[in-house]
2 protein chains.
Amino acid sequence: MKLGDGVETAIHCVAVLAGLTDGAVMPTAALAEHYDVSPSYLAKHLKALVAGNVLISVPGPTGGYQLAKGPAEISLLDVVLAIEGRDPAFRCKDIRRNGPCVPDDSAFPKPCGIKKAMLKAEQTYRAELAAVSIQDLVTDFQETSDTRVIARGENFIAENERPKKL
Amino acid sequence: MKLGDGVETAIHCVAVLAGLTDGAVMPTAALAEHYDVSPSYLAKHLKALVAGNVLISVPGPTGGYQLAKGPAEISLLDVVLAIEGRDPAFRCKDIRRNGPCVPDDSAFPKPCGIKKAMLKAEQTYRAELAAVSIQDLVTDFQETSDTRVIARGENFIAENERPKKL
DNA sequence: GGGCAACTACTCGGATAACGATTGTCCGAGTAATCATGG
DNA sequence: CCATGATTACTCGGACAATCGTTATCCGAGTAGTTGCCC
């Protein structure tokens, strides 16, 4: 049970993109600089976010990324699933069907109780993540952070965002 | 976000061990035969369960494994943590402290909101697993399974368990 | 001076290596039953 | 016949490879801006 470190980076980047003006975009290089991470590797995660309908990419010079929906419409779960994949963490191989105690393959009409319990727990986990939106995170950040950090963050966005094409 | 396949095997084995008579043990070879898995690899997981205080091992001939506590005292969470490790799935590297927007290292007195949300979701996940005991799984199994499978299972245990030493 | 076309430079997207963790296996330390032996 | 001791065979425990996924990177396709040229 382990989440890739790309999840943290992805969430932070989505939160930054939530702060830029309507229609504007920000390129990979700027996001990588903001958090001092490898641009090449960050690009991989941003790609995944596009595939997961969390971000939209704009090609060419003055291109970059922007949110695919409003910050209130994107949940933590959307980001996590886009990066980690949509398959459940618990994979049942149905080993209960193996071995000498199973007469034939029709002996298990009901689903496996273990599988049910594991998937139920995972669904509550996902529900918890789905209840938190990017907007919530941004609001919390603005309410709890040092004013200097907020000011510098806004300044960074102003310097690195690409305005919407006319 | 992925759980190792050893989790499924471990839970099934613990459930089987819950079925043997008081004080009796069952060796790795029998458990491996029951589910048709590699004995060598299964041994690795059983070791982990001993380290996690879920099972007790008895060495020597007529040795094997038994539950460390009653089936109602062992939760799914105990098994999962023993196999997958106790560390949280979400690992926060605090990348928010990197980059040009951070004046100095004291700029973040409050904990990271993202980290809080991720860990909270994970705690609900663990709480859900902690609420399910091995006893629950065994009861569910006995109520929902084919009678032939139950009979063969009991027969298998009777043939392969090692009774408590006098 | 204005319009147009070719060029340039910068962007994302997919394909490609390197590392680490999980998977899978083996041999050694330890123990209880067994069997031979002696009383 | 019974107690005793060495032997034996079977168990778990820790150390050791192989495979797969994540990590990390690079180069190519495409596009908007730019520049130079022509009208």
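How many nonpolar, polar and charged residues does the surface near DNA strand C have? I looked this up at the outset, bearing in mind that the model is predicted, and I noted seven nonpolar, 10 polar and six charged residues for that surface.

**Entry: DNA strand C**

I then asked which residues come nearest to DNA strand C. Of the 23 residues around the strand, I listed A:K47, A:S57, A:R162, B:S38 and B:Y41 as the nearest. On the side of the DNA, I found that 61% of the strand C atoms within 4 Å of the protein belong to sugar or phosphate, the rest being base atoms.

I followed individual polar contacts next. For A:S57, I noted a polar side-chain atom 2.5 Å from a phosphate oxygen of DNA strand C, and for B:S38 I noted a side-chain N or O atom at 2.7 Å from a phosphate oxygen of that strand. With B:K44 the partner is a base oxygen of DNA strand C, and a polar side-chain atom of this lysine lies 2.9 Å from it. Going from residues to elements, I wrote down β1 (55–58) and β2 (64–67) of chain A and α3 (39–51) of chain B as those that give two or more residues to the surface near DNA strand C. Among these elements, α3(B) gives the most, with three residues.

**Entry: DNA strand D**

I repeated the search for the other strand and found 23 residues around DNA strand D, with A:S38, A:S40, B:K47, B:S57 and B:R162 as the closest. Of the strand D atoms that come within 4 Å of the protein, I recorded 65% as sugar and phosphate.

Which atoms of chain A approach the phosphate oxygens of DNA strand D? I found a backbone N or O atom of A:D5 at 3.1 Å from one phosphate oxygen, and a polar side-chain atom of A:S38 at 2.5 Å from a phosphate oxygen. For A:Y41, I noted instead a sugar or linking oxygen of DNA strand D, which is 2.9 Å from an N or O atom in the tyrosine side chain.

The elements that each supply at least two residues of the surface near DNA strand D are α3 (39–51) of chain A and, from chain B, β1 (55–58) and β2 (64–67). I noted that α3(A) has the largest share, three residues. By class, I recorded seven nonpolar, 10 polar and six charged residues for the surface near strand D.

**Entry: how the two chains are related**

I superposed chain A on chain B and obtained a rotation of 180° with 0.0 Å of shift along its axis, at an RMSD of 0.0 Å. I read that as the relation of a two-fold axis. Which residue of chain A comes closest to the rotation axis? I found A:Y125, whose C-alpha is at 2.5 Å. I also noted that 98% of the interface residues of chain A are interface residues in chain B as well, so the copies meet through the same surface.

**Entry: the interface of chain A and chain B**

I counted 59 residues of chain A in contact with 58 residues of chain B. The two chains bury about 5,600 Å² between them, and 65% of that area is on carbon and sulfur atoms.

For polar contacts across this interface, I found 24 residue pairs, both residues being at pLDDT 80 or more. On the side of chain A that touches chain B, I listed α1 (6–17), α2 (28–35), α4 (76–84), α5 (113–130), α6 (134–144) and α7 (147–160) of chain A as the elements giving two or more residues. I noted that α5(A) gives the most to this side, with 12 residues. I divided the residues of this side of chain A into 29 nonpolar, 10 polar and 20 charged.

**Entry: salt bridges**

How many salt bridges are there over all chains? My search of the whole structure gave 14, and the count between chain A and chain B is six. I looked at two pairs in detail. The side chains of A:K120 and B:E128 meet in a salt bridge with an N to O distance of 2.5 Å. A:K93 forms a salt bridge with B:D5, the closest N and O atoms being 3.0 Å apart. I traced this pair as it crosses between chains, from A:K93 in the loop between α4 and α5 of chain A to B:D5 in the segment before α1 (6–17) of chain B.

Conventions:
Residues numbered from 1 in each chain as written. Chains lettered and ligands numbered in written order. Predicted model: local features only at pLDDT ≥ 70, side-chain atom pairs only at ≥ 80, totals over all residues. Heavy atoms only, no water. Least-squares fit on C-alpha atoms with pLDDT ≥ 70 in both. Contact = heavy atoms within 4.5 Å. Near = heavy atom within 4 Å. Polar contact = N/O pair within 3.5 Å; in protein donor to acceptor, adjacent residues only side chain to side chain. Helix = DSSP H or I, 4+ residues; strand = E, 2+ residues; numbered from the N terminus. Nonpolar A, V, L, I, M, F, W, Y, C, P; charged D, E, K, R; others polar. Buried area = accessible area lost by both parts, 1.4 Å probe. Salt bridge = Lys/Arg side-chain N within 4 Å of Asp/Glu carboxyl O.
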